[in-house]
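Reader: Let us go through some labels on this model. I want the cut-off behind each one.

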Amino acid sequence: MPIALPTAVTGSRRWRRAVGCATWWLTGLVTLLALLAFTPAWLARLDLLAYDLLLPRSPAWTQSPVVIAIDDASLAELGRWPWPRARHAEMIDRLHEAGAAAVGLTVLFSEADANDPAGDAALSAAMARSARVVLPVAPVPGTLDPTRVEALSDNGDWLGDKAGVRLGHVDVEVDLDGQARRLYLRAGVSRAELPALALGVRQLLDPSLTLESVPGRRAILPKANAPGSWVRDHEVLLPGMQGLPTLSFASVLRDPRQLSLARDRAVFVGVTATGLGGELVTPLSGSRSTMPAVVFHAHAYAALAQRTLMQGLSPWSSALLGLVLLGSLALWPRWDGRKALWALAHLSVPLLASAALLHATGLWFGPAASTLTLCVALLAMLGTRLQRARRQLLRSRQHVHATLQAIGDAVITLDARSRTIRFANPTVLAQAGIAQMVGLTLREAYPLESDSMDRLELAVNECLVQRRRVELPLQLFLDTQGGRSLGGSVSPLLGPDGQLDGAVIVLADQTDSMAAALELDHAATHDALTGLPNRVLLQQRLGLALARSQRHGNSAAILFLDLDRFKHINDSLGHRTGDEVLKVVARRLRQLCRDTDTVARWGGDEFVVVLEDLVDQGGAATAAAKVVEVLTQDVELGEAFGHVRLPSAGSVGVVMSPQDGVDMDELLAKADMAMYRAKAQPQACFHFWSDDINTSLHARLALEIDLRQGLRENLFVLHYQPQFALPGRGLVGMEALMRWQRTPERLLMPSDFIAVAESSGLIVDMGAWAMLEAARQVARWVAAGLQPVPVAVNVSARQCLNHDIVAVIRHALRETGIAPALLRLEITETTAMSDADQVIGLLRTIRTLGVGLALDDFGTGYSSLSHLRRFPVDEIKIDRSFVTDIATNRDDLAIVRATIALAHGLDLKVVAEGVESQAQAQLLEAEHCDVGQGHLYGLAQPVDKATLLLRGEPFALPIAATNHGEETCGDACA
């Protein structure tokens, strides 16, 4: 049963309908009044364009006026302009003799010609004889001087007898677009008394003609005009012009017989030659070209004589007609498709009304304001009705939209008889990539693969025949959108009478869920950077490989790979470059290995390769050699990295199964240890697992643990080896050398632990401790009243790369307060040349602190003289390898001699290491070596023995003089 709406609801609807009906009327009315009150320039221009479009043309007339043109040919024949007035008098006489009914001159004679009084007299006499001449009058631009007009009408000095001479103004109205379309039939100074030139000529032929019988729009003149102002009245509009007979001025004077055309006609004489002014731009001739003023006034005369002049409607009349046109919109009360088109066509009514009014009555109505008003009113009407329709459609759409959008799957309804589509929701249209499916078959509209479409049609047939829901057992695949996969069902659709009406197909897009599952699975089992299998997938494949090798009785190999110096790439070039290097290496490994092999990223710069179906170690060795060769190939990066070419190297550890075990974790650990054994080799290589590796690695690990504990428990001590001046054997310095009291009974030399300290990074902390302890000891000697000598402390390569060494020195000097000159740093030549520019900068910073610098082991590295002279060092220490055989080997002696000369040439002190005999000392003294250090002068001794040396009590050499290797670690002892 119908539902009764509340009274408030129905009242609200009636109110909205009434407001909607009044909106367009009020909007149009306000727009029309505003446009009529404040007519903008662009709107007036539109009216002018409409006038040009609708402009009627004057009919052909056998008595049309004749134009005597002062054209270019006349100027060429009769001379430059202006001409003597006697020549104009001659033309007036010729016209009088030819029987011209009236003559209108458009040439202004504003004052007497002082240079030609006779010409003035001749012109005055000719006009008197004719008694049918009208002279032009025009306001002076910008001045409106009334004396000019009085001079023409009353001054008889040059006009003489003015009987028969009339005056007509030639003032022409110019519209906003700079074109002339209208004329004022009356104008004058202070009072509009002078007729227009065309009206003055016409009244000579028709004296009964009055302005009351001529159409025109009267001006609303003020009661009192300003004295001397130019006043205009009786505005008329001119129709389109026909061609006028025209004669050349010079040709007429040469052949007066041509003036037979002027008999009983009005004649207008004026300038048409180019460049003399007097030209008007007007659309009356049908084109937007210039028209001579004499032709314009002649055309005005013809329109006046034929009574084809027009006038514009008054503002009030225009407003009334605009309101009538606006009210005509009420003829379209209902808004359907056909009437909406008619209402839009209604916009042409003002233009049609203007054309009808102009051609029928000669009244001009500007259609622009009314057209714009209708447009605004139509928009308002359209807006209100569209708003009403929008509310209704929105309500219905919301119901339908909510139903369909709630179903995110594709829904298609098929007709039971034609098997064509009756409905398809937006999901289906998006999948198919078309805008409409209704009326098409499934095969025509839905882009399934051929096999998928066959299965879907089979399911539809089964559903319609058996009238039951049919599930699609297999995935369907779309040809579009990258072959998306679908799953769903087909259900029968019954009509109200229970008859089979069709089928509903519901298809769910399962592509994203399947892709997400695959992506998650791939992300869980593959490395994000290189795309290689990660540890998870490696363990799965390695477990299967080990099981297959045991089952088939063959061997499997695990290759554990590590890139050498990869950390240096990350530290110097950034992790982005390091990542790119890893990608290149991963790509090379994939290309190298077989499809049955597994290449995985273990982490960082480590990779694992699993090889199956191997007979013995020979196959594994061949594969490992190829891997090492690949790892040693330079890595050239792409354009994004500036095509940089980086050196590459790697180490490979190899383990065999089942020879080395069958447990996966154990095999990976053994391969890792074998890799570290390979990394300890001087060049990149591979190494198979052996039992001694485990023993040495465990010993190394235990040593590293003890080193860390020794550093925490302060188990390190410094021994001091003296340095003596060779000429006088005076004590000039000491070198602090590190010892490790690993147990109370066991004191380790640096050669026993420095390598582990370097590789583990502990050398940095150990060096910092040695620096501070040496400074503290110097401070204790100073506090005891002794005169200490400079103490040298060795700096490792890692400390040079770590600029914290500067902070360590500052801290030692600040804490102890010793003079910086009592502290000296020794850096090996190899370390200095590893990164010369960086080391030079570091040494210069240290030099500013006042600390001395020495270049240790000179001659064992690869110093460049260009770098050597840049190193801010104080002394050079000749390596013991050159001093040992100096007494027996001439080559060593030559090297020592050259080194001393080079150092002295650079103002550097020379220290010879490893001096063990008097013969060596004598040769060094002969070569002017500055300082000697070695067993001959004293071994490195504890601090108490070194203190005795400072007190002047020399300590004896130890009995174990054969322990020449005690200080072989000297460079790295601190």
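Author: Start with a pair: Asp 175 and Arg 182 are both buried, meaning under 20% relative accessible area, with exposed over 50% and partly exposed in between (1.4 Å probe, protein chains only). This is a predicted model, where local features need pLDDT of at least 70, side-chain atom pairs count only at pLDDT 80 or more, and totals for chains, interfaces and linings use all residues. Residues are numbered from 1 along each chain as its sequence is written, and side-chain values use heavy atoms, leaving out hydrogens and water.

Reader: What makes Asp 175 and Arg 182 a salt bridge?

Author: The term requires a side-chain nitrogen of Lys or Arg within 4 Å of a carboxyl oxygen of Asp or Glu. The closest N and O atoms of Asp 175 and Arg 182 are 3.1 Å apart, so the pair qualifies.

Reader: How do you know that Asp 501 and Arg 422 form one?

Author: Their closest N and O atoms are 2.8 Å apart. Asp 501 is in strand 20 (residues 500–509) and Arg 422 in strand 16 (residues 421–424), so the salt bridge ties together parts 79 residues apart in sequence. Strands here are DSSP runs (E, at least two residues), and helices are runs of H or I, at least four residues, numbered from the N terminus.

Reader: Why is Asp 501 called partly exposed?

Author: Its relative accessible area is 30%, so Asp 501 falls between the two limits. Arg 422, at 32%, is partly exposed too.

Reader: Which residues join into one network through shared salt-bridge partners?

Author: Asp 52, Asp 175, Asp 177, Arg 181, Arg 182 and Glu 235.
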